[in-house]
Amino acid sequence: MTSLLGWDESPSTLTPTDSSPVQLAACGCISALGNAAETHEALLRGERALALKPVYGSSGGDPVPLALLPGRSLDETSPPSWMPAVKRLMRECPDAPWGGARHPVFVTSSNFGVGNLFSFRRAGTLSHLDFGTPEACVAFIAGELGWGGNVTILSHACVSANLGLVLAARQIALEIADEALVFSFDFLSPFVAGGFHALKILNSEAPAPYQARDFGSIGLGDGAAFAVLRKPGPGWIIASQTMYNEMHHFTAFPSDGAGFAACIEPLVRVASGRRLWIKGHGTGTLEAGRLEAEAFGRACPASPLVGWKGSLGHTLGSSGLVELAVALESLRSGRIPGTVGSEAPTFSEKVSLGPIFDSSFDGVVCASNAFGGAHAALLLCHA
Amino acid sequence: MIAASPMPDPLNARIKTMIVQTLRLEDIDPSSIKDDDPLIGSGLSIDSIDALELVVALEKEFGIKIKSSEESRAALSSVSGLVAYIRARADPLRLPPL
């Protein structure tokens, strides 16, 4: 199909640039279970960070499964209570003139500081406005971390981080940038938890629904992560990325699961000859879980499928990057955490509930999905 | 002798009117909604957002609590199913007598 811009492209792939590999020079995260290494080890042990907490924080409400950073309250504070944890995370990031002309920063989030905006509306405390818009919140972070002005702010629901990775890789491939930093953050607030609670998919009936239990609740989690991308070199590369939007419905995917397959199949072709495992999105909603497990089972029948949101909660727009950091630890060590927090029977026999100890895998496909029928995936492997 | 058919539950008509009003289905006559037709995936074209709007209205009107999206889907199986669901959970004082 030829698009209006003259590209010869099929609906399931992006421009050729997105097939250009980039080096994943560094990647780290923080979750309720710690940094990437700590999160990886805790998942291998089967730990669940999710715990029932009042949906409106100190204002009460139904108990819902949330995974907050240790010691952090759900209530919004001014300045945000998550900034010290972000600073600790970014100490793991290699030094570079981030935000300079050749070192762009891509900041992604679902929520930015929307909880602070809600706090301002509710209590009228002006200082919350300093963090209450994406621009203000990112300016605060950039100031704290010493970034220059070459910062791009992106949001695309729960594939926000994936969009940042795609655009950063394009700048590397086009030689606009020497290195690119992708930073993503999503910290929960009563506003965010309350929204999912109002949608009836966050409730007290944890765990998530599965094949033999048709009711339950997703979990939400705090998370932030970064990735440094460079021209391909030795070590780990993101070999290819896809994004695909079905433009189907605000909250739903088409019932045939075609979008899941359309996003992952091009990567499976690129990975031909490699031994893969798949890190699925695994939000925990009944229908999306079924569609994803079945589609991935068909597209990649030899690959085990795992998901980690049953422990970490869904870190929303940052989940693609938080889980990439954990996937990197898993691939590097040959120790892959299982689908923590889920129970048999699963929708597909490919879903692995327990950890996998196998160093012969040489690639992982990391998939994410979002409201609006958005899909994203990437292939992480050794150069 | 012809056996008398049971009186319809007056809650059925109230629910049908609520559906039309809440979802602003201006071209639909409430009485044209059949008691046992599926509400989701039928000619009413109710999607998940409509269902949520309807659930919120039902919670407010009848003082019930529908916890999850899966429970919503089950409750909204049909008008008859919804009426049975509400009868089983709501304070009888908020409901029309049978």
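Three exercises with solutions follow, on a predicted model.

**Exercise 1. The largest pocket**

Find the volume of the largest pocket, and describe its lining by position, by element, by domain and by class.

Solution.

Step 1. The volume of the largest pocket is about 1400 Å³.

Step 2. Its lining is made up of 46 residues, and those closest to the pocket centre are Ile201(A), Thr251(A), Ala252(A), Ser48(B) and Arg73(B).

Step 3. Next come the elements that give two or more residues to this lining. In chain A they are α6 (190-198), α8 (286-299) and β15 (363-370), and in chain B they are α2 (48-62) and α3 (69-75). The largest share, five residues, belongs to α2(B).

Step 4. Within chain A, domain 1 (25-230) and domain 2 (236-382) each supply at least three residues to the lining of the largest pocket.

Step 5. Sorted by class, the lining of the largest pocket holds 24 nonpolar residues, 16 polar ones and six charged ones.

**Exercise 2. The second largest cavity**

State how many cavities of 30 Å³ or more there are, then describe the second largest cavity by its volume and its lining.

Solution.

Step 1. There are three cavities of 30 Å³ or more.

Step 2. The second largest cavity encloses about 50 Å³.

Step 3. Residues of chain A line this cavity, among them Glu76(A), Trp82(A), Asn111(A), Phe185(A), Phe187(A) and Ser189(A). The lining also includes Gly113(A), Val114(A), Gly115(A) and Asn116(A).

Step 4. Helix α3 of chain A (residues 114-123) gives the largest share of the lining of the second largest cavity, three residues.

Step 5. By class, the lining of the second largest cavity has five nonpolar residues, five polar residues and one charged residue.

**Exercise 3. The setting of Tyr85(B)**

Locate Tyr85(B) in its helix, decide whether Tyr85(B) is buried or exposed, and list its contacts outside the local sequence.

Solution.

Step 1. Tyr85(B) belongs to helix α4 of chain B, which covers residues 79-89.

Step 2. The relative accessibility of Tyr85(B) is 9%. Buried means under 20%, so Tyr85(B) counts as buried.

Step 3. With neighbours within four places in sequence left aside, Tyr85(B) is in contact with Ile64(B), Lys65(B), Ile66(B), Glu71(B) and Ala75(B).

Step 4. For Glu71(B) there is a further detail: its side chain makes a polar contact with the side chain of Tyr85(B), at 2.3 Å.

Step 5. As a distance along the fold, take Val56(B), which is 29 residues from Tyr85(B) along the chain; the C-alpha atoms of the two are separated by 15 Å.

Technical notes:
Residues numbered from 1 in each chain as written. Chains lettered and ligands numbered in written order. Predicted model: local features only at pLDDT ≥ 70, side-chain atom pairs only at ≥ 80, totals over all residues. Heavy atoms only, no water. 1 Å grid on protein atoms, 1.4 Å probe; cavity = no way out; pocket = protein on both sides within 12 Å on 5 of 7 lines; lining within 4 Å. Points joined across faces, edges and corners; volume = space filled by probe spheres on them. Helix = DSSP H or I, 4+ residues; strand = E, 2+ residues; numbered from the N terminus. Nonpolar A, V, L, I, M, F, W, Y, C, P; charged D, E, K, R; others polar. Domains from an automatic or database assignment. Buried < 20%, exposed > 50% of the residue type's maximum accessible area, 1.4 Å probe, protein only. Contact = heavy atoms within 4.5 Å. Polar contact = N/O pair within 3.5 Å; in protein donor to acceptor, adjacent residues only side chain to side chain.
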